[in-house]
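Opening the notebook on this one. I'll jot things down in the order I looked them up.

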Amino acid sequence: MTAFIRQLTGVRFIAAFWVLLYHFQAPLDRLGLLIPVFSDLLRVGRLGVDLFFALSGFILTYTYLTKLGPRLAVKAAAIFWWLRLARIWPVHFVMLNVAGLAVVAQSKVTGSSLDRDWLNPVDYLKNLFLVQEWGPNPQRGWNFVSWSLSMEWLAYLLFPLLVLALWQFHKRVPTWGLVVLWWVSLAPLLLYGLGRTDSYYTDNWGSTYRILTEFTAGAITYLIVARFVGSDGQIRPRVERLATTLSVVMPVIVVAGSVLLSRLPSAQPTVSTLSADAEPLPPFWHLELVPFLVVWIGALALSRRGLSVWLSRDKLVLGGFISYSLYMTHLVWYGLWRAGMKAVGIDGGVLYFGAFLVLVVGAIVIAYAMWRWVEEPAREWMRGKIGARPKPAGEETIDPAGRGTASA
């Protein structure tokens, strides 16, 4: 089943870059680049996080179903939690502190106040232990994007219990039953997503709805995909053709849905933005697009042609490897960039366009540096502390020159 790892690694870069452009809408608008359809797709760019949540459920079920599924074992669960911390915590710790220093630097450059309701030791500790997003009305701060890590960590803590049910589903439930369970797992999210009180869908346990439903749906998607892969790793031609078609149709539906929601008057928030430098608020009901993203993951896993081949290209796989660092660093970098633009008084024209290129290229360069010299070394060090191999078995790796290889 390792054949799908490359294209799903490429999807990670697509998800991270979608979120990045979502946050960069203000400079794109100033440059006149928010053209129709493109701008509509960026308005729902926060769905890149939902794509990450579903991917996480899919990949972790693929990796740990047989390791954790048959029975609950405290030692195995503890090892799983440590390995997940090794994956996410080092970059989180670095960026948590960098974000605090960046706020101080921005206030010095722009002369703005340091009065932030989250800039206190209690909120720092909540972020440090990845519990800041837990609860009905979370208080975000520090490195803002780490809210999703808080939700991922919640899913990791629950996974050793969830995988027990997944194991039983895998062994006892027919394929049509898995499809029913897939819809049942997403139903709470879809019902919640019909609300109109908060277009970000963070109020009233919104973030918890998102991670638990999408992570579970991604996990069940793997169980469904596994039914169509033979013991020799082969996929029936008819299934593969259908999956290849769906791998194209699903993103088209997401684009069409984003255009529809952006044009639908009843889906628009009462205000367009929270501030001049903020991205436009997303339209209501955009969470209804999540099922199509989850189906996309399964379709790509079963396809060996078309879009799956493109996503498996070495450069996109490398992008997938740096995607976590890109996600974690881009917003702090963007804040410093905005402060610099204000300090030098550049707000348009050719210089602003050049500065925007620096913003985008700089985000990728910073992400690569973070991946190469912080994320991977720290991950390997933490894995070594419990005697685990530096690279997970079956995980695709890629060297700095961009040559794709498979780890043993």
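**Two loop residues with positive phi**

Leu130 sits in the loop that runs between α6 (121-128) and α7 (147-172). Worth keeping in mind for everything below: this is a predicted model. I pulled the backbone torsion for Leu130 and got a phi near 60°, a positive value in a residue that isn't glycine. Is Leu130 buried or exposed? Its relative accessibility is 1%, so Leu130 counts as buried.

Next I went to Asn204, in the loop between α8 and α9 (206-227). Here phi is near 55°, again positive in a residue other than glycine. I checked accessibility for Asn204 too: at 47% it counts as partly exposed, because that class covers what lies between under 20% (buried) and over 50% (exposed).

**The α8/α11 pair**

Then I turned to helix packing. Two packed helices are described by the angle between their axes and the distance between the axes, so I looked up both. For helix α8 (residues 175-192) and helix α11 (residues 290-302), the axes come within 11 Å and cross at roughly 145°. The crossing of α8 past α11 is right-handed.

Which residues make the contact? On the α8 side I noted Trp182, Leu186, Leu189 and Leu190. On the α11 side they are Val290, Pro291, Val294 and Val295. Sorted by class, the contact of α8 with α11 has eight nonpolar residues, no polar ones and no charged ones.

**One residue from each of those helices**

I picked Ser185 in helix α8. Its relative accessibility is 12%, so Ser185 goes down as buried. What does Ser185 contact once neighbours within four places in sequence are left aside? I found Thr213, Thr216, Ala217 and Ile220.

From helix α11 I took Gly298. At 7% relative accessibility, Gly298 is buried. Leaving out residues up to four places away in sequence, Gly298 touches Thr221 and Val225. I also ran a distance from Gly298 to Leu246: they are 52 residues apart in sequence, and the C-alpha to C-alpha separation is 9.2 Å.

**The second largest pocket**

On to pockets. The second largest one has a volume of about 1,000 Å³. It is lined by 43 residues, and the closest to its centre are Ile59, Leu60, Arg84, Arg87 and Arg379.

Which helices each supply at least two residues of the lining? My list reads α1 (5-23), α4 (47-68), α5 (74-110), α7, α13 (314-344) and α14 (349-384). The largest share comes from α4, with 12 residues. By class, I logged 25 nonpolar, six polar and 12 charged residues in the lining of this pocket.

**Residues on α4 and α1**

Since α4 had come up, I looked at Thr66, which lies in that helix. Thr66 has a relative accessible area of 58%, so I put it down as exposed. How far is Thr66 from Val163 in space, C-alpha to C-alpha? The answer is 9.1 Å, with their positions 97 residues apart in sequence.

For α1 I chose Leu21, a residue in that helix. Leu21 has a relative accessible area of 13%, so it is buried. Not counting residues up to four places away in sequence, Leu21 touches Leu28, Phe38 and Leu42. I also checked Leu21 against His170: they are 149 residues apart along the chain, and their C-alpha atoms are separated by 38 Å.

**Last stop: α10**

I finished with Ser262 in helix α10 (residues 237-263). Buried or exposed? Ser262 has 14% relative accessibility, so it counts as buried. Setting aside neighbours within four places in sequence, I found Ser262 in contact with Asp40, Arg43 and Gln268. For a distance check I used Ala369: Ser262 and Ala369 are 107 residues apart in sequence and 36 Å apart in space, C-alpha to C-alpha.

Technical notes:
Residues numbered from 1 in each chain as written. Predicted model: local features only at pLDDT ≥ 70, side-chain atom pairs only at ≥ 80, totals over all residues. Heavy atoms only, no water. Axes fitted to C-alpha atoms, helices over the stretch in contact; angles between N-to-C directions. Helix = DSSP H or I, 4+ residues; strand = E, 2+ residues; numbered from the N terminus. Left-handed = near helix turned anticlockwise from the far one by under 90°. Contact = heavy atoms within 4.5 Å. Nonpolar A, V, L, I, M, F, W, Y, C, P; charged D, E, K, R; others polar. Buried < 20%, exposed > 50% of the residue type's maximum accessible area, 1.4 Å probe, protein only. 1 Å grid on protein atoms, 1.4 Å probe; cavity = no way out; pocket = protein on both sides within 12 Å on 5 of 7 lines; lining within 4 Å. Points joined across faces, edges and corners; volume = space filled by probe spheres on them.
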